[in-house]
Amino acid sequence: MKRAIVTLCAIISFVACSRHINIDIEGRLLDNAASMIYLVVENGTLDTLASAPITDDNSFRLRCKVEQPTVAFLCDDNGNAISMLLTESEPLTLRPAEKGGYTVEGGPINDKYNVTMRQLSDLAQQIMNIDQSSETAAEEYESLMAKYHDALSTAITYNLDNIIGVELFIQQESRSMTPEDMSVRFAQFSPQMQELKQMQQFKHYIDILERSQIGKPFIDAEAMTITGEMTRLSDICGKGKWVLLDFWATWCGPCLEEMPQLKKAYASYALMDFEICGISLDPDIDRLRGYVAQEKLLWKNLIDLPEEGATSVAELYGVTAIPTNFLISPDGKIVARDLRGEDLIHQLQHFIEGEEFCTYPQLHNNQDVGEKSEK
């Protein structure tokens, strides 16, 4: 019985150890620009997994272990990202790429990923080379984009059990998907891939996107006003007014370009139960206060600075880029989002004044908004 227990413990130990991925990568840089090389991963912050010196002949060998398959980056001590790689337990080599830079190869995962990326890059280059003055430019674009998406989808479908599919799904395919489509694709991955840290983080992101879709109730959250008081979005939204939640920052050029339109909207509709709630991602509240005073932003201005460990308002709404905005109806429903330029005024006319809804072809999502709001 004692021997059986010892044997069982040995098996458990072996299985636990075998889950680790043993990284072994070597290579040679083309110049003498660095003295150290690092293998880093992004987990909210850049975490260093291992480092190695670069020898006099510009070569290095780096070894370490990771618990799960992930995307990693080789960086030098000057802060330069040299190459991306997918972690796998096969000897890997960093080599100069044909078109400049470096590529990591040698293992089946990285080699297959490199082939896929070359195929996608070739299609992307063909799209960029389309003669826009040609009468067939639109047809060529549609055809090549269809080929690109088909190639991408096929690559993911054939790699649902490894990190290649995960990387392509999160970084590329998901960007043109609805939250519902993301959830369907997520469920197609193997249980092992679904449990990866990056996939669990992405699943959380999908859940957030689903809660912040058009037709859903606004998400309540707490934030600080620029005068230092804490307030909740429920003090503003769902109180019988139309409210535009505008996520922005003073360091964001496109955000500042939208300010004239926001001022125009506020001047036109402030007396018609319309309010703007600016939610700034500025880290410097004094800079924000100065800009608000200088530009005479008369609406409510909040700053999104959550306490350590707390979730920011931007995260609750799934905001990954700014400017981003959400139009909230008087009863607290999200009825439109990402209203830009003249379309902001156009949509406010439709919702507040009740004008007949006119569609802009490039804003098809807002057409759905109009249909939903009339039901």
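How much space lies in the second largest pocket? Keep that question in mind while you load the chain. The model is predicted.

**Stop 1: the whole chain**

Show the cartoon first. The chain carries 13 helices and 15 strands. Of its 375 residues, 44% count as buried. Now turn on the surface. The chain exposes about 20700 Å², and carbon and sulfur atoms supply 52% of that area. Contacts reach along the sequence too: among those with a separation of 6 or more, 60% join residues 24 or more positions apart.

**Stop 2: the second largest pocket**

Here is the reply to the opening question: about 710 Å³ of space lies in the second largest pocket. Select Ala97, Thr103, Asn114, Met117 and Arg118, the closest to its centre of the 23 residues that line it. Next, colour strand 6 (81-86), strand 7 (91-96), strand 8 (102-105) and helix 2 (108-128); each gives two or more residues to this lining. Helix 2 has the largest share, with ten residues. Colour the lining by class as well. You will find nine nonpolar, seven polar and seven charged residues.

**Stop 3: the largest nonpolar core**

Hide the surface. Select Leu233, Leu245, Phe247, Phe274, Tyr317 and Leu327. Of the 53 residues in the largest nonpolar core, these touch the most other members. Strand 11 provides the largest share of this core, six residues.

Zoom in on Leu327. Which residues is Leu327 in contact with, leaving aside its neighbours within four places in sequence? The list includes Trp242, Val243 and Leu244. Phe274 is on it too. So are Lys333, Ile334, Val335, Ala336 and Leu339. Leu348 and Phe351 are also in contact with Leu327.

Apart from the largest core lies another, of 32 residues. Select Leu123, Ile130, Tyr148 and Met177 to find some of its members.

**Stop 4: the cavity**

Rolling a probe the size of a water molecule over the atoms shows where empty space is left. How many cavities of 30 Å³ or more does the count give? The count comes to one. The largest cavity has a volume of about 60 Å³.

To see its lining, select Asp246, Trp248, Cys255, Glu258, Met259 and Leu262. Add Pro323, Asn325, Leu339, Arg340 and Leu344. Strand 11 (242-248) and helix 9 (259-269) each supply at least two residues of this lining. By class, the lining divides into seven nonpolar, one polar and three charged residues.

Finish on Leu339. Leu339 lines the largest cavity and is in contact with Leu327.

Technical notes. Residues numbered from 1 in each chain as written. Predicted model: local features only at pLDDT ≥ 70, side-chain atom pairs only at ≥ 80, totals over all residues. Heavy atoms only, no water. 1 Å grid on protein atoms, 1.4 Å probe; cavity = no way out; pocket = protein on both sides within 12 Å on 5 of 7 lines; lining within 4 Å. Points joined across faces, edges and corners; volume = space filled by probe spheres on them. Helix = DSSP H or I, 4+ residues; strand = E, 2+ residues; numbered from the N terminus. Nonpolar A, V, L, I, M, F, W, Y, C, P; charged D, E, K, R; others polar. Core = buried A, V, L, I, M, F, W, Y, C linked by side-chain atoms within 4.5 Å. Buried < 20%, exposed > 50% of the residue type's maximum accessible area, 1.4 Å probe, protein only. Contact = heavy atoms within 4.5 Å. Areas by Shrake-Rupley, 256 points an atom, 1.4 Å probe, with all protein chains shown as cover.
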